[in-house]
Amino acid sequence: AEWARTPWLVLLEDDVRVDGPITRMPDGIDAGGVEDHRWTAPLKPALLEEIRRRTGAAPSYKHYGLCGGAIVRTSALRDTPTLDDTMPAGELGKLRAMDDRVGLWNDVTLATLLLLGGHTVEPWADVKQGK
């Protein structure tokens with residue numbers, strides 16, 4: 001992310017379109033996505049408890065929200081372990097046992113890793129689902 005020399009990285013899945021410029025930059029958060037509490041299940045209780053245990057605080061948004069279109073602070077990405085070389089052996093299996101979507105769904109995985117690193121994930125006002 002640092003090679004981009006930008007404070008934010010916008011993530012777009014292949015079924016997402018851009019209808020206009022970014023008009024509201026996220027304020028006070030490290031990652032923002034859709035407000036998905038109406039159609040997705042929150043992160044599983046065991047995973048939420050693990051996030052609270054490791055960071056000392058429960059995440060303020062209990063869904064993952066980074067599906068489709070999302071924005072992530074590049075400094076948060078730099079500090080987030082990857083699933084290959086910087087994550088301790090066996091860590092992915094432990095996380096997957098707490099929520100079986102970790103490691104399978106990219107949005108759940110990214111949100112989980114950011115939250116475990118003490119970063120904030122919240123809905124982002126510039127992303128909308130549907131028409």
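Here is a short conversation about a predicted model, with a few of its labels explained.

User: What makes Asp19 count as exposed?

Analyst: Good place to start! Asp19 has a relative accessibility of 65%, and exposed means over 50%, so Asp19 counts as exposed. You can find Asp19 in the loop between strand S1 (8-12) and strand S2 (31-33).

User: How far apart are Asp19 and Glu49 in sequence and in space?

Analyst: They are separated by 30 residues in sequence, and their C-alpha atoms lie 37 Å apart.

User: Why is helix H4 described as mostly covered?

Analyst: Residues are called buried under 20% relative accessible area. In H4, which spans residues 106-116, 10 of the 11 residues are buried. Among them are Asp107, Val108, Thr109 and Leu110. Just look past the helix and you will meet Gly118, which follows H4 and has a positive phi, near 85°.

User: Why is H1 called roughly parallel to H4?

Analyst: Compare the crossing angle with the cut-off. The axes of H1 (residues 45-55) and H4 cross at roughly 30° and come within 9 Å. Angles under 35 degrees count as roughly parallel, so H1 is roughly parallel to H4.

User: Which residues meet where H1 touches H4?

Analyst: From H1 come Leu47, Glu50, Ile51, Arg54 and Thr55, and they meet Thr112, Leu115 and Leu116 of H4. Sorted by kind, the residues of this contact are four nonpolar, two polar and two charged.

User: What makes Glu50 and Arg54 the charged ones?

Analyst: Asp, Glu, Lys and Arg count as charged, and the contact of H1 with H4 has two charged residues. Glu50 and Arg54 are both among the H1 residues that meet H4.

Note on methods: Residues numbered from 1 in each chain as written. Predicted model: local features only at pLDDT ≥ 70, side-chain atom pairs only at ≥ 80, totals over all residues. Heavy atoms only, no water. Buried < 20%, exposed > 50% of the residue type's maximum accessible area, 1.4 Å probe, protein only. Helix = DSSP H or I, 4+ residues; strand = E, 2+ residues; numbered from the N terminus. Axes fitted to C-alpha atoms, helices over the stretch in contact; angles between N-to-C directions. Parallel < 35°, antiparallel > 145°, perpendicular 65-115°, else oblique. Contact = heavy atoms within 4.5 Å.
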